[in-house]
Amino acid sequence: MSEQRFGEFVVVRKDGYVAELVLDRPKAMNAVSSEMARSLGAACTALAADPSVRVTALTSSNDRAFCVGADLKERNSFTDAELVRQRPTARAAYTGVLELPMPTVAAVHGFALGGGFELALSCDVIVADATAVVGLPEVSVGVIPGGGGTQLLPRRVGAARAAELIFTARRVAAEEARELGLVDLLAEDARTGALELAGRIAVNSPVGLRSAKKAMRLGQGLDLRAGLEVEDAAWRATAFSGDRAEGVAAFNEKRKPEWPGE
């Protein structure tokens, strides 16, 4: 296993084909400060450029929280001009996770509120445990979700359900969150469950995984005909790859594939 630190508050650990992107500001329950946002953006840039990573799991080093959202203590000291200047840094952190080209799995333990829940929503699959409490409470402090929440939550649970959750700013515990589709899987331990899922995903073709994710992301919201064109383009990008040749050969030879990843 290798480990690389990005600033003080973000760590990337790589074990085989799985990367663990760790939110590591435990004393602040992973509240996203400007420094942490810069580090998260830099870590995502590095991961996106690493062809050896087939799956990324987003986890927390804090026992009580996945991430409680933006650092409101820092924000309280900002002038309007400073808040404007900080906005691109914050956006880059959230879009960095959202735009990772490989499948991503969030491990939600404890509080995932505001920007913290938006980081989880930016992932493809959310694994939670019984301690999880999620929500987008921004309107209760005079702002709105700014890390993608107003767009990602409706895509998960529908417009009316998302409106109820965002407008009331209510927090949702694990069982109800699973019932509503706010999280996808419940595990005894979120991190363990997320890493186990990541391992099951990582045995598959890296070209296939990235192409499938691209097709699903780009096709979301399109009508069926347009979506099928997106899928066809992704299929063509995969069908003539070394991974496809190896996968077919391995199937016929009754052996595990050794993916070239190209």
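Start by selecting S33, which sits in the loop between β3 and α1. Keep in mind as you look around that this is a predicted model. With a relative accessible area of 6%, S33 falls under the 20% cut-off, so this residue counts as buried. Show the side chain of S33 and follow it to the backbone nitrogen of M36, which it reaches at 3.2 Å. Now display the surroundings: leaving aside neighbours within four places in sequence, S33 is in contact with F9, R25, D71 and E74. For a sense of scale, draw a C-alpha to C-alpha distance from S33 to L186: the two are 29 Å apart in space and 153 residues apart in sequence.

**Into the cavity**

Stay with S33 and turn on a cavity display. Rolling a probe the size of a water molecule over the atoms shows where empty space is left. The structure holds 2 cavities of 30 Å³ or more, and the largest has a volume of about 40 Å³. S33 is one of the residues lining this largest cavity, along with V32, A37, A70, R75, Q86, A90, A93 and Y94. Which helix gives the most to that lining? Select residues 80–98 and you have helix α3, which supplies 4 residues.

**Back along β3**

Next, select residues 18–23, strand β3. Is this strand largely enclosed or open? Here 6 of the 6 residues are buried, so β3 is largely enclosed by the rest of the structure. Colour the two faces separately to see how this works: V18, E20 and V22 are buried on one side, and A19, L21 and L23 are buried on the other.

Now bring in the partners of β3. Add residues 10–15, strand β2, which pairs with β3 in the antiparallel sense over 6 bridges. To pick out one of these pairings, select K14 and its bridge partner in β3, A19. β2 and β3 form a hairpin with 2 residues between them. Stop at G16 in that turn, where phi is positive, at about 65°.

Then add residues 55–60, strand β4, which runs parallel to β3 and is joined to β3 by 6 bridges. Here the pair to label is L21 and its bridge partner in β4, L58. Show residues 34–48 as well, helix α1, and you can trace a right-handed β-α-β unit made by β3, α1 and β4.

**A second sheet to visit**

Hide those elements and display strands β5, β7, β9 and β10. These 4 strands form an open sheet in the order β5-β7-β9-β10, with mixed pairing. The edge strands are β5 (65–67) and β10 (172–173), each of which pairs on one side only. Zoom in on β7 (residues 111–113) and β9 (residues 133–135), which run parallel and are joined by 3 bridges. Label L113 and you will find G135 of β9 standing opposite.

**Last stop: S211**

Finish by selecting residues 206–219, helix α9, and highlight S211 within the helix. Is S211 buried or exposed? Its relative accessibility is 13%, so S211 counts as buried. Leaving aside neighbours within four places in sequence, S211 is in contact with A234 and T238. Draw a line between the side chains of S211 and T238 to see their polar contact, at 2.8 Å.

Conventions. Residues numbered from 1 in each chain as written. Predicted model: local features only at pLDDT ≥ 70, side-chain atom pairs only at ≥ 80, totals over all residues. Heavy atoms only, no water. Buried < 20%, exposed > 50% of the residue type's maximum accessible area, 1.4 Å probe, protein only. Pairing = 2+ DSSP bridges. Right-handed = clockwise from strand over helix to strand, strands pointing away. Polar contact = N/O pair within 3.5 Å; in protein donor to acceptor, adjacent residues only side chain to side chain. Contact = heavy atoms within 4.5 Å. 1 Å grid on protein atoms, 1.4 Å probe; cavity = no way out; pocket = protein on both sides within 12 Å on 5 of 7 lines; lining within 4 Å. Points joined across faces, edges and corners; volume = space filled by probe spheres on them.
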